[in-house]
Amino acid sequence: MTKQTALNKIRKEIEDIASRSYDDIASILPKDRMPIGFFCPFVPEELIYAAGALPFRLMGAPGQITHAQAHLPQYCCHLVKSSLESLLKGELHFLKGVVFSHTCDSMKGLADIWAHRGLLPLQFDLMIPAHLNSERARPYFRAEMERFKDFLESEVGKISPDDLKASVRLFNRIRERLQELYALRRGFIDHIPGDYFARIIRAGYVMDRARYLELLEELLASLPEHAESSEGDAHTPMYLVGNMTHMDTYFSLIEDAGAVVVGDDLCSGARTFRLMVAEDQDPLEALTERYFRSFFCPTKYWNPQAHLDTLVQEV
């Protein structure tokens, strides 16, 4: 198989997964893992996966909002509105449960509405300290990690130490491969245009993670040996800051305007690279500690300069 044939095959699989609606995606999810929905990277996917479930990130869906407006104020973001819309329309029937994290006001309100409707069998609310620089924040969040682990073991499956360590390794390797892809993409815009790159990221939040890692490694191995420097040099490098990209076209719009995203601070993108977990520590302790290493989310307070310092360092 030539490298171009391999790239085409990989792209076809990625596009098929990332382009599916909620109604259509259930048929291709792994049958041996119950899908558990989540919204925020504060939710440790590693624990969900180690319990034998599939972490399925809800990132919003296109479409007209016709049901959710009766439950939500106008100022709520698209993620909150569209996710409640999908729930009320029955599009999330394939999920066995959902995990909320204590973040913004809209998401906290959504958790209460979601629980009140009672349309999914399982729900867990992960409580996260608002002041991460408090001396009580770490022990509190560690206790929450233990509570979440207990919930998963009672409702999903036993989490053995070996399974948790294997899950941590898997997600670390995925982040490493994605970092490589970010670093290389400017030289391979023809092979990985912006909209396709966005779908690569999106697919990794919904498909089986072991297969996703295989696809990333196959993709990296199938790229040409030398970058298409002339193509990359024609685009102005851009660092994108924001919350979440709901549409794949955001990246292609930027490229059509003559720029290329070479890095970002998106909670659906490169911000998650800060979630690398130490593999030589107790897994629960390491999962807790990673949220205290650097600024991660504007819904949490570290110090007034934390976000700026992190952005300057990464840029």
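Two strands count as paired here if DSSP finds at least two bridges between them. Keep that in mind, since this is a predicted model and I will mostly talk about its sheet.

Start with strand β3 and strand β4, residues 122-126. They are joined by 5 bridges and run parallel. Within that pairing, G97 has L122 of β4 as its bridge partner. From β3 the chain passes through helix α5, residues 105-117, before reaching β4, and this β-α-β crossover is right-handed.

On to strand β1, residues 35-38. β1 and β3 also run parallel, with 3 bridges between them. G97 appears here as well: I36 stands opposite it.

Now the whole sheet. It is open and has 4 strands, in the order β2-β1-β3-β4, with parallel pairing. β2, residues 54-57, and β4 are at the edges with a single partner strand each, so each has one side without a neighbour in the sheet. From one strand to the next, the twist averages 25 degrees.

There is a helix on this sheet too. α6, residues 137-155, packs against it and touches β3 and β4. The direction of α6 makes about 170 degrees with that of β4.

Back to β3, then. How many residues of strand β3 are buried? The count is 5 of the 5, residues 97-101, so the strand is largely enclosed by the rest of the structure. Buried means under 20% relative accessible area. G97, V99 and S101 cover one side, V98 and F100 are on the other, and all are buried. One of these, V98, stands opposite Q123 in β4.

Terms used. Residues are numbered from 1 along each chain as its sequence is written. This is a predicted model: local features need pLDDT of at least 70, side-chain atom pairs count only at pLDDT 80 or more; totals for chains, interfaces and linings use all residues. Side-chain values use heavy atoms; hydrogens and water are left out. Buried means under 20% relative accessible area, exposed over 50%, partly exposed in between (1.4 Å probe, protein chains only). Helices (H or I, at least four residues) and strands (E, at least two) are DSSP runs, numbered from the N terminus. A crossover is right-handed if, with the strands pointing away from the viewer, the path from the first strand over the helix to the second runs clockwise. Axes are lines fitted to C-alpha atoms, for helices over the stretch in contact, and angles run from 0 to 180 degrees between N-to-C directions. Contact means heavy atoms within 4.5 Å.
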